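User: I have this model open and would like to talk it through with you. Could we begin with a turn and work outwards?

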Amino acid sequence: MTDWIASEPDRIERPTIERIERELLLQATREQVWNVVTSGGWLAETVELDLVPGGDANFRSRASVKTGWVEDASMPARLAFWWATAGEPATRVELTLEPAGDGVTRLRVVEARPLDVLDLVGTPLPRVGGRSFGPALAAA
Amino acid sequence: MFGALSDPTRRALLAAIARQPAATATELASELPISRQAVLKHLTALADAGLLHRERSGREVRYRVTPEPLSDAVSWMAAVGGQWDERLAALERRFTG
């Protein structure tokens, strides 16, 4: 019943609809994919990411402005961050880049809502706009 | 209801309709890279699943997202999932084009 969430149902670890998973194979190196997904024009029109744990993250598009923080940035393998539109609960995004042979990179995207993340991480919900939650959770 | 959302095009369509008060098949076909005929087919499936509400407006039929069966979680899935589908499609175009 929930296998419509992902293209590969056997990869779902927890059957919940509060979680979005996507996977894509790209004819590019991880470095090339990393450069595109962390630059403006992909996550939002304007992207400012301080790629250190607890670093600020700002995403601006015509339709929305999101702010958040970086949980983990391991170039070119993994980027995890939190983002939220003002007044809305933050969600956690994790991008994983794996070599898939012959100049091909597998990009995996997971975006999860707080309740789901709570179960996964076992930590209190971060509040966007707060000051110390970022590094605290990143260090957990 | 979830079966109707199994198709990425339908999720993108639902997300596009959710962004505006109501939309016609013609408007949606201009926003998405699919024909009006294909849009109509997906709209029918979504309406049959109770996810969309049809209303006649002059000679056109406008579609609106039904709030009821579309719980908060499902509408989040449709909207945010649709955004990721668009981002991944853009990435794919970039590295194959």
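User: Which residue in the turn between strand 5 and strand 6 of chain A has a positive phi?

Analyst: That residue is G87(A), with a phi of about 85 degrees, in the turn of a hairpin that strand 5 and strand 6 of chain A form with 5 residues between them. Strands here are DSSP runs of E with at least two residues, helices are runs of H or I with at least four, and both are numbered from the N terminus. This is a predicted model, in which local features need pLDDT of at least 70 and side-chain atom pairs count only at pLDDT 80 or more, while totals for chains, interfaces and linings use all residues. Residues are numbered from 1 along each chain as its sequence is written, and chains are lettered from A and ligands numbered from 1 in the order in which they are written.

User: OK, and how many bridges join strand 5 to strand 6 of chain A?

Analyst: There are 6, between residues 78-85 and residues 91-99, and the two strands run antiparallel; two strands count as paired if DSSP finds at least two bridges between them. Within this ladder A80(A) stands opposite E94(A).

User: What does strand 6 of chain A do with strand 7?

Analyst: Strand 6 pairs with strand 7 of chain A (residues 105-112) in the antiparallel sense, over 8 bridges, and E98(A) has R106(A) as its bridge partner. These two strands also form a hairpin with 5 residues between them, where G101(A) in the turn has a positive phi of about 80 degrees.

User: And on the other side, strand 4 to strand 5 of chain A?

Analyst: Strand 4 of chain A (residues 65-74) runs antiparallel to strand 5, with 8 bridges joining them, and G68(A) sits opposite W83(A).

User: So what is the order of the 7 strands in the chain A sheet?

Analyst: The order is 1-7-6-5-4-3-2, in an open sheet with antiparallel pairing. Strand 1 and strand 2 (46-49) of chain A are at the edges with a single partner strand each, so one side of each has no neighbour in the sheet. From one strand to the next the twist averages 20 degrees.

User: Where does helix 1 of chain A lie?

Analyst: Helix 1 of chain A (residues 30-37) lies across strand 1, strand 6 and strand 7, running at about 155 degrees to strand 6 of chain A. Axes are lines fitted to C-alpha atoms, for helices over the stretch in contact, and angles run from 0 to 180 degrees between N-to-C directions. Along the sequence, chain A reads β-α-β-β-β-β-β-β-α-α.

User: Switching topic: is E18(A) buried, exposed or partly exposed, and what is it close to?

Analyst: E18(A) has 19 other C-beta atoms within 10 Å, which means that it is partly exposed; the class is buried at 20 or more, exposed at 12 or fewer and partly exposed in between, with C-beta atoms placed from the backbone. E18(A) is in the segment before strand 1 (19-26) of chain A, and its C-alpha is 8.6 Å from that of E111(A), although the two are 93 residues apart in sequence.

User: Now the contact: how many residues does it take from chain A and chain B?

Analyst: It takes 15 residues from chain A and 18 from chain B, where contact means that C-beta atoms, placed from the backbone, lie within 7 Å. Strand 1 of chain A gives the most to the side of chain A that touches chain B, with 4 residues. By class, that side has 10 nonpolar, 1 polar and 4 charged residues, counting Ala, Val, Leu, Ile, Met, Phe, Trp, Tyr, Cys and Pro as nonpolar, Asp, Glu, Lys and Arg as charged, and the others, Gly among them, as polar.

User: What does the model score?

Analyst: ipTM is 0.72 and pTM is 0.60. Chain B averages a pLDDT of 84, with 90% of the residues at 70 or above, pLDDT being the predictor's confidence in each residue, from 0 to 100.

User: In chain B, at what angle do the axes of helix 1 and helix 3 cross?

Analyst: The axes of helix 1 (residues 8-18) and helix 3 (residues 36-48) of chain B cross at roughly 80 degrees and come within 10 Å. That makes the two helices of chain B roughly perpendicular, because angles under 35 degrees count as roughly parallel, over 145 as roughly antiparallel, 65 to 115 as roughly perpendicular and the rest as oblique. Residues in this contact include L13(B) and L14(B) from helix 1 and V39(B) and L46(B) from helix 3 of chain B.

Definitions and conventions: Two residues are in contact if their C-beta atoms, placed from the backbone, lie within 7 Å.
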